[in-house]
Amino acid sequence: MTGQAMTDKDRVLSANLEFYRAFTLRDVAAMEALWARALPVSCIHPGWMALRDRDSVMRSWHDILANPEAPHIMCHDEEAMVYGDVAVVTCEEALDDNTLVATNIFAREDDAWRLVHHQAGPLLMRAGHAGRGANRLN
């Protein structure tokens, strides 16, 4: 942003884009740097059990990024909500042949926005019914 100071929301969205850049480029070092070190972290990859400690989460990313069959991914329709030192980003992840909906939670650590949680799952329906009728699963 030229001529304007970045807001916390801008910084969170920038950190979110860095997460997807690291994923796309299979940049293990960048992925490692994005995740919190002192705060507890968790991650739920589609179809996986919940990972609830940094070692497990980082091992999962090392394995995913090292896999030549890992999908190419693009983030779009991201929206950030900032609650003091915590922020939630919701977005869609476009893969080669599928779309996932994701939640990325960031927390301020060492004056930077770091990931503390990532969860993605299949997008079954598009929004448009404000949670009513055919857009509801129950």
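**Exercise 1. In which strand is A120 found? Place this residue in the predicted model and describe its surroundings.**

Step 1. Start with the secondary structure: A120 lies in strand β5, which covers residues 112-122.

Step 2. Next, look at accessibility. The relative accessibility of A120 is 6%, and the cut-off for buried is under 20%, so A120 counts as buried.

Step 3. Now list the neighbours. Leaving out residues up to four places away in sequence, A120 touches I44, H45, P46, E93, L100, V101 and A102.

Step 4. Pick one of these contacts, E93, and check the backbone. E93 and A120 are 27 residues apart along the chain, yet their C-alpha atoms are separated by 8.2 Å.

**Exercise 2. Work out the strand order of the open sheet and find what packs on it.**

Step 1. Reading across the five strands gives β1-β5-β4-β3-β2, and the pairing is mixed.

Step 2. Find the edges: β1 (42-44) and β2 (74-83) each pair on one side only.

Step 3. Consider the twist. On average, neighbouring strands of this sheet are turned by 20° against each other, direction ignored.

Step 4. Zoom in on one pair. β2 and β3 (residues 86-94) run antiparallel and are joined by eight bridges. Within this pairing, H76 stands opposite E92 in β3.

Step 5. Add the helix. α1 (residues 8-25) packs on the sheet and touches β2, β3, β4 (99-109) and β5. The direction of α1 makes about 145° with that of β2.

**Exercise 3. Classify the packing of α1 against α3, and say which residues meet there.**

Step 1. Take the geometry first: the axes of α1 and α3 (residues 54-66) come within 8 Å and cross at roughly 50°.

Step 2. An angle of this kind makes α1 oblique to α3, because it falls outside the ranges for roughly parallel (under 35 degrees), roughly perpendicular (65 to 115) and roughly antiparallel (over 145).

Step 3. Name the partners: F19, A22 and F23 of α1 meet W61, I64 and L65 of α3.

Step 4. Sort them by class. The contact has six nonpolar residues, no polar ones and no charged ones.

**Exercise 4. Which residues of the largest nonpolar core touch the most other members?**

Step 1. The core holds 35 residues, and the ones with the most contacts to other members are F19, M31, W35, V57, W61 and F106.

Step 2. Trace the contributors: α1, α2 (28-34), α3, β2, β3, β4 and β5 each give two or more residues. The largest share, six residues, comes from α1.

Step 3. Finish with F19. Beyond residues up to four places away in sequence, F19 touches M31, L34, W35, W61, N104, L115 and H118.

Technical notes: Residues numbered from 1 in each chain as written. Predicted model: local features only at pLDDT ≥ 70, side-chain atom pairs only at ≥ 80, totals over all residues. Heavy atoms only, no water. Helix = DSSP H or I, 4+ residues; strand = E, 2+ residues; numbered from the N terminus. Buried < 20%, exposed > 50% of the residue type's maximum accessible area, 1.4 Å probe, protein only. Contact = heavy atoms within 4.5 Å. Pairing = 2+ DSSP bridges. Axes fitted to C-alpha atoms, helices over the stretch in contact; angles between N-to-C directions. Nonpolar A, V, L, I, M, F, W, Y, C, P; charged D, E, K, R; others polar. Core = buried A, V, L, I, M, F, W, Y, C linked by side-chain atoms within 4.5 Å.
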